[in-house]
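Here are a few exercises to work through with the structure open beside you. Try each one before you read the solution.

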Amino acid sequence: MKFLKILLLITVALTSIQAKEKFFVVERENSSLATIYNGLKRTNIEGMRNMNHGVVKFEGKDGYVISRDGYVIKFDPEAEKILGEYKTSKSAIGFVIGKNYVAVANYDDQSVDILDRDLKPIKKIVTGSKNVGIKIYKDYLIFSQMDNDTISVYKDMNEGKGKAKFEVYKEFKDVGQLPFDAMIKDNNYIAGFFTSSHYGVVDLDTMTYKKIKIYLNDERKMVLKVPHFGFWSIGGDKVFVPAVGDNKVLVYDKDFKFIKNIETQGLPVFTSLSPDKKHLAVTYSGKDFPTIQIIDTKTLKIIETFNFDGKVLHIRWSNVSPQLYVSVNDTNKVAVIHTKEWFLNREIFNIKKPSGIFLYEDGK
């Protein structure tokens, strides 16, 4: 019995070690990813193409990168090696990873590419439009055609079994002018528009469409320009939206009913909720680029302000430890804030022009 207990403790300890997080940081001017493990810089993965607005995603034990110049790159996040690449277009803006496919929304050449998980091409959907807001819901692939004011729903006719076979299932026309981004919330595909004062919502269970107006304050002044949904934070019973061109974070309930504006130090760009939803980190543009502020999501008050020696381009909360990782672009470092006592815990140097920070958790 004693031996079994010791064996169990060893197993738990090993599991704990193996479950540590690994951070992948985009080095936007160096065509590479830097890796951070155990709080230390570990390696650089070179050859990641044009990493301006480079995005990293993980599915199981596979890592994928989309570059600004239209490459999709598959890599092994544990061995930290590139496994393959495929160029879908001159300019790609977003991608999603399904069980048996990768789908890429292209600006230029106005198409959506379907690849298998090893990046072998399956199908190119020509839309005649820049394509944005690509998402997955069940066996559906949904995206917006920016130039055609259309939301397209494709369905995998093989229902996730074997090779993906997407066919058009439904298209919604005249949804609003210039859709530019989208998100999935429950069974709803929510699209934002550059020049229309509403959101578009497709109920993906009933395949019906409606327009929803949201307001800037209690006087029902409408939001005129909507930031990218990737900059929003949705969690618990609240939605946080950085106001465009105003020193405010807008707070709504889960039905988009206005709650409050939170006055901030600068013009907010990006918001990020902590894993326990108790705190919201906010980044800024302009003269306040080097600042982040922390908001208590219960009291809706700013509780901490941190200033750095360079532009802050991205932030990422740890899921397993009380730490917030901050990419400080001008001074080539990632700063780490302790999120229980709220102090600068560490700085990780020699990360070249860092921007996006992405988290890999042992294939979870």
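Below come some ground rules and then four exercises, each with a worked solution.

This is a predicted model, where local features need pLDDT of at least 70, side-chain atom pairs count only at pLDDT 80 or more, and totals for chains, interfaces and linings use all residues. Residues are numbered from 1 along each chain as its sequence is written, and side-chain values use heavy atoms, with hydrogens and water left out.

**Exercise 1.** Work out which strands stand at the edges of the sheet β28-β29-β30-β31.

*Solution.* Start with the terms: strands are DSSP runs (E, at least two residues), numbered from the N terminus, and two of them pair if DSSP finds at least two bridges between them. Next, the layout: this is an open sheet of four strands with antiparallel pairing. β28 (312-317) and β31 (343-349) each have a single partner strand, so one side of each has no neighbour in the sheet. Now look at one pairing: β30 (residues 333-338) meets β31 over six bridges. Within it, His-338 has Phe-343 as its bridge partner.

**Exercise 2.** Find where Met-157 sits and what it touches.

*Solution.* First, place Met-157: look in the loop between β14 (150-156) and β15 (166-172). Second, check its surface: the relative accessibility is 47%, so Met-157 counts as partly exposed (buried is under 20% relative accessible area, exposed over 50%, partly exposed in between, with a 1.4 Å probe and protein chains only). Third, list contacts (heavy atoms within 4.5 Å): apart from neighbours within four places in sequence, Met-157 touches Lys-165 and Glu-167. The C-alpha atoms of Met-157 and Glu-167 are 6.9 Å apart, with their positions ten residues apart along the chain.

**Exercise 3.** Classify the ring pair Tyr-101 and Phe-166.

*Solution.* Recall the rule: rings of Phe, Tyr and Trp (its six-membered ring) pair if their centres lie within 6.5 Å; planes under 30 degrees apart are stacked, over 60 edge-to-face, the rest tilted. Here the centres are 4.9 Å apart and the planes at 75°, so this pair is edge-to-face. Tyr-101 is in the loop between β8 (91-97) and β9 (102-108) and Phe-166 in strand β15, so the pair ties together parts 65 residues apart in sequence. Both residues are buried.

**Exercise 4.** Find which charged ends sit over the ring of Tyr-37.

*Solution.* Apply the test: NZ of Lys or CZ of Arg must be within 6 Å of the ring centre and within 35 degrees of the ring normal. Lys-22 has its charged end 5.7 Å from the centre. For Arg-42, that distance is 5.1 Å.
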